Amino acid sequence: MFLSTDFILHQSVASESLSVDTFSYKNDVYVAMSAPSTESCMIFQWDHIEMNFRTYDNITGQSIVGCKSVIIENEVFVIVAQLFGGSHIYKFDDDQSRFNKFQDIEVSKISKPNDIEAFQIGSDWFFVIAESSKAGLSTLYKWNDNGFYSYQSLHEWYRDTDVEFLDLDGKAHLILASRSQVPVIYQWSRSNQKFILQGEIPNMEDVVVVKHFRIKEELYLAMTQYIGDSKVLRWGTKQFAEIQALPSRGSMILQPFSFKERYYLALGSDYTFSQIYLWDEDNKIFDRFKEVYIQAPRSFTVVSTDRRDFIFSSSFKGNTQIFEHIIIDLSL
């Protein structure tokens, strides 16, 4: 049996969006989408009967650039980052089936948030906001049973665009990408209970976004560059080495994802078609697989439900597209 795969348009959401996040709660799958143009963080729920994603709730705000869900002891929180009016955390209310404001985030050091990453170290929950203004500081927040509080300021004056949390050789690390320097690596110190600057990734100027992924046991990084070449790096003996360059034309995202042992990269483009690449196991590189047209893509997010696999591609200038990953039997 010879199988191939394809991505087909399943649904289109009549809204622009920047970030897409997904979470599961009580056997249901939800999607949180930041939509700055409609001043909202839209919450969708998978409808098991209609087999599509339907509007479930709407968190309103000012210039929302990120919505990140985190589930702590069976409670669902959504962190909402805004360009104006501060940033806030909303909590899901079971009785009302909606999100209510839970807390304001102390954002004295945050004026232009660009990315949110939430993660757990041991039993502790954290999130970090990448701060892209010159006057601000990327900040780490920690959960203390009553809410999140500002815990550690990361490096100053660097206009950070993206933050990625990853496990490197069994230790927690953060990689920060900045407009003004090569990406830097922080390692969590168990003794200090803080992130300590550990090093940098050389020869990688102007990286907009960093994403990590694993194929079998190997660790890789996908480094997005707006113009020039986006890069794929592999973790070797104590360092990352470039294995492939992908030509970028106005790229704001190079997103790794996988379905059923097939490994893909989606490379967005503001000027032309976005490219989906597929991993070639024999040659250990990514091959071009399919072109998709999305206006100003900003993120690609995997959502799986009812044994079906979808990828949400957010668009800053058009409709957000939901593609389904399908398997085709070519032997028929």
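**Exercises on rings and strands**

Both Phe257 and Tyr264 are buried, where buried means under 20% relative accessible area with a 1.4 Å probe and protein chains only. The model is predicted, with local features needing pLDDT of at least 70 and side-chain atom pairs counting only at pLDDT 80 or more, whereas totals for chains, interfaces and linings use all residues. Residues are numbered from 1 along each chain as its sequence is written, and side-chain values use heavy atoms, leaving out hydrogens and water.

**Exercise 1.** Classify the ring pair of Phe119 and Phe165, and place the two residues in the chain.

*Solution.* Rings of Phe, Tyr and Trp (its six-membered ring) pair if their centres lie within 6.5 Å, and planes under 30 degrees apart count as stacked. The centres of Phe119 and Phe165 are 4.1 Å apart and their planes stand at 5°, so the pair is stacked. Phe119 belongs to strand E10 and Phe165 to strand E14, 46 residues apart, so that distant parts of the chain are linked, strands being DSSP runs of E with at least two residues, numbered from the N terminus. Phe119 and Phe165 are both buried.

**Exercise 2.** Determine which strands stand at the edges of the sheet E6-E7-E8-E9.

*Solution.* This open sheet has four strands in that order, with antiparallel pairing, and two strands pair if DSSP finds at least two bridges between them. Strand E6 (64-72) and strand E9 (98-104) each have a single partner strand, so they stand at the edges. Within the sheet, four bridges join E7 (residues 75-82) to E8 (residues 88-93), and Phe77 has Lys91 in E8 as its bridge partner.

Terms used. Phe/Tyr/Trp six-rings, centres within 6.5 Å; stacked < 30°, edge-to-face > 60°. Buried < 20%, exposed > 50% of the residue type's maximum accessible area, 1.4 Å probe, protein only.
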